[in-house]
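User: Could you take a close look at one part of this model for me? I'd like to hear how the helices pack, and what the side chains along them are up to.

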Amino acid sequence: MKMYFRHKIGTDDMTGVDCAPLTLQDSIEKTRQALNDAYAGFDNALEVDLIDSYIYQINSLQRRYKHLTDLAAAETFPDEDSLSQYPPVQPLVGQVLG
């Protein structure tokens with residue numbers, strides 16, 4: 001008995017996916033949004049396992065956000081004189097993370 005399978009290479013869902021690399025600011029913004037979503041999920045969770053899951057997710061996203069903001073703070077500018085036109089990032093990060 002022969003069996004034939006039809007395998008579809010791409011799906012319609014994949015046609016709208018943007019595969020361009022993210023910039024550092026895009027990564028920070030996506031992480032911030034994911035962190036807000038995780039906090040919202042935690043606030044609405046009722047089951048113990050789900051609450052634990054959100055706690056781990058929030059801790060992970062906080063560490064990722066801290067790492068990305070540290071990278072943004074450590075970025076060097078091509079010209080030393082141009083530093084005066086940019087506000088310092090580290091005090092802003094301290095205000096956001098508390």
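**Helix pair and salt bridges**

Analyst: Let's start with Glu29, which is partly exposed, at a relative accessible area of 41%. Keep in mind that this is a predicted model. Glu29 has a charged partner: its side chain meets that of Arg32 in a salt bridge, at 2.8 Å from N to O. Arg32 is partly exposed too, with a relative accessible area of 33%. Why are the two about one helical turn apart? Because Arg32 and Glu29 sit three residues from each other in helix 1.

Now for the helices themselves. Helix 1 covers residues 24-44 and helix 2 covers residues 48-74; they pack at an angle of about 160 degrees, and their axes are 9 Å apart. That angle makes helix 1 roughly antiparallel to helix 2, since anything over 145 degrees counts as such. As for handedness, helix 1 and helix 2 cross in a left-handed way. And what sort of residues make up the contact of helix 1 with helix 2? Sorted by class, there are 16 nonpolar residues, six polar ones and two charged ones.

Ser27 is a good spot to zoom in on. This serine is found in helix 1, and with a relative accessible area of 11% it is buried, because the cut-off for buried is under 20%. What does Ser27 touch, if you skip residues up to four places away in sequence? The answer is Leu22, Arg64 and Leu68. Going by the residue ranges, Arg64 and Leu68 fall within helix 2, so that helix is where to look next.

Over on helix 2, there's another salt bridge to check out. Lys66 pairs with Asp70, and their closest N and O atoms are 3.1 Å apart. Both residues lie in helix 2, four residues apart, or about one turn of the helix. Are Lys66 and Asp70 buried, partly exposed or exposed? Lys66 comes in at 38% relative accessibility, which counts as partly exposed, and Asp70 is partly exposed as well, with a relative accessible area of 32%.

To pull the charged pairs together: the structure holds two salt bridges. One joins Arg32 and Glu29, within helix 1, and the other joins Lys66 and Asp70, within helix 2. Between these helices, the packing is roughly antiparallel with a left-handed crossing, and the contact includes 16 nonpolar residues.

Technical notes. Residues are numbered from 1 along each chain as its sequence is written. This is a predicted model: local features need pLDDT of at least 70, side-chain atom pairs count only at pLDDT 80 or more; totals for chains, interfaces and linings use all residues. Side-chain values use heavy atoms; hydrogens and water are left out. Axes are lines fitted to C-alpha atoms, for helices over the stretch in contact, and angles run from 0 to 180 degrees between N-to-C directions. Angles under 35 degrees count as roughly parallel, over 145 as roughly antiparallel, 65 to 115 as roughly perpendicular and the rest as oblique. A crossing is left-handed if the near helix is turned anticlockwise from the far one by less than a right angle, and right-handed if clockwise. Ala, Val, Leu, Ile, Met, Phe, Trp, Tyr, Cys and Pro count as nonpolar, Asp, Glu, Lys and Arg as charged, and the others, Gly among them, as polar. A salt bridge is a side-chain nitrogen of Lys or Arg within 4 Å of a carboxyl oxygen of Asp or Glu. Buried means under 20% relative accessible area, exposed over 50%, partly exposed in between (1.4 Å probe, protein chains only). Contact means heavy atoms within 4.5 Å.
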